[in-house]
Amino acid sequence: MTTVTRRVGGRAPRCTLCGREILRGEEYWACNGHRACEECLPELARRELAPCREILGREGRI
């Protein structure tokens, strides 16, 4: 699979979590207006899945 980096406003895109520039050919994830580099993917996943988070023994509590 080939990844193509799109330039945003004439500049290379940046990870919206850490601010690092995403280089040509480098994988990144775009989700709900965020761009995450490989290193920040776990943090992006935690943020996006936060509404689905449950704690055993506390299900259904508000």
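This passage walks through the fold, the core and the charged contacts of a predicted model.

A good place to begin is the overall layout. The secondary structure of the protein consists of 1 helix and 2 strands, and along the sequence these elements come in the order β-β-α. Of the 62 residues in the protein, 15% are buried. The exposed surface comes to about 5,300 Å², and carbon and sulfur atoms contribute 50% of that area. Among contacts with a separation of 6 or more, those linking residues 24 or more positions apart make up 10%.

The two strands can be taken together. Strand β1 covers residues 28–31, while strand β2 covers residues 34–37. They pair in the antiparallel sense, with 4 bridges between them. One pairing to look for is that of alanine 30, whose bridge partner in β2 is arginine 35. The strands β1 and β2 form a hairpin with 2 residues between them. Within this hairpin, asparagine 32 adopts a positive phi near 50°.

Next comes the interior. The largest nonpolar core has 5 residues, namely Cys15, Ala36, Cys37, Cys40 and Leu44. Which residues does leucine 44 touch, leaving aside those up to four places away in sequence? The list consists of Leu17, Trp29, Cys31, His34 and Ala36. Ala36 therefore appears twice in this picture, as a member of the largest nonpolar core and as a residue touched by leucine 44. Leucine 44 itself lies in helix α1, which spans residues 41–49.

The charged side chains add another layer. Across the whole structure, a search finds 4 salt bridges. One of them sits in helix α1, where arginine 47 meets glutamate 43 with an N to O distance of 3.1 Å. Where do these two residues stand relative to each other in the helix? Arginine 47 and glutamate 43 are separated by about one helical turn, because they are 4 residues apart in helix α1. Neither side chain is buried: arginine 47 is partly exposed, at 46% relative accessible area, and glutamate 43 is also partly exposed, at 31%. The pair belongs to a wider arrangement, since Glu43, Arg46 and Arg47 are linked in a network of salt bridges.

Two further salt bridges involve other parts of the chain. Glutamate 26 is bridged to arginine 20, and their closest N and O atoms are 2.8 Å apart. Arginine 20 has a relative accessible area of 28%, so this residue counts as partly exposed. The side chain of glutamate 21 forms a salt bridge with that of arginine 14, at 3.8 Å from N to O. This distance falls within the 4 Å cut-off, so the pair qualifies as a salt bridge. Both partners are partly exposed, with relative accessibility of 33% for glutamate 21 and 42% for arginine 14.

Arginine 11 completes the description. Is this residue buried or exposed? Arginine 11 has a relative accessible area of 60%, which means that it is exposed. This arginine is found in the segment before β1. Between the C-alpha atoms of arginine 11 and glutamate 21 the separation is 9.3 Å, and the two residues are 10 residues apart along the chain.

Methods: Residues numbered from 1 in each chain as written. Predicted model: local features only at pLDDT ≥ 70, side-chain atom pairs only at ≥ 80, totals over all residues. Heavy atoms only, no water. Core = buried A, V, L, I, M, F, W, Y, C linked by side-chain atoms within 4.5 Å. Buried < 20%, exposed > 50% of the residue type's maximum accessible area, 1.4 Å probe, protein only. Contact = heavy atoms within 4.5 Å. Areas by Shrake-Rupley, 256 points an atom, 1.4 Å probe, with all protein chains shown as cover. Pairing = 2+ DSSP bridges.
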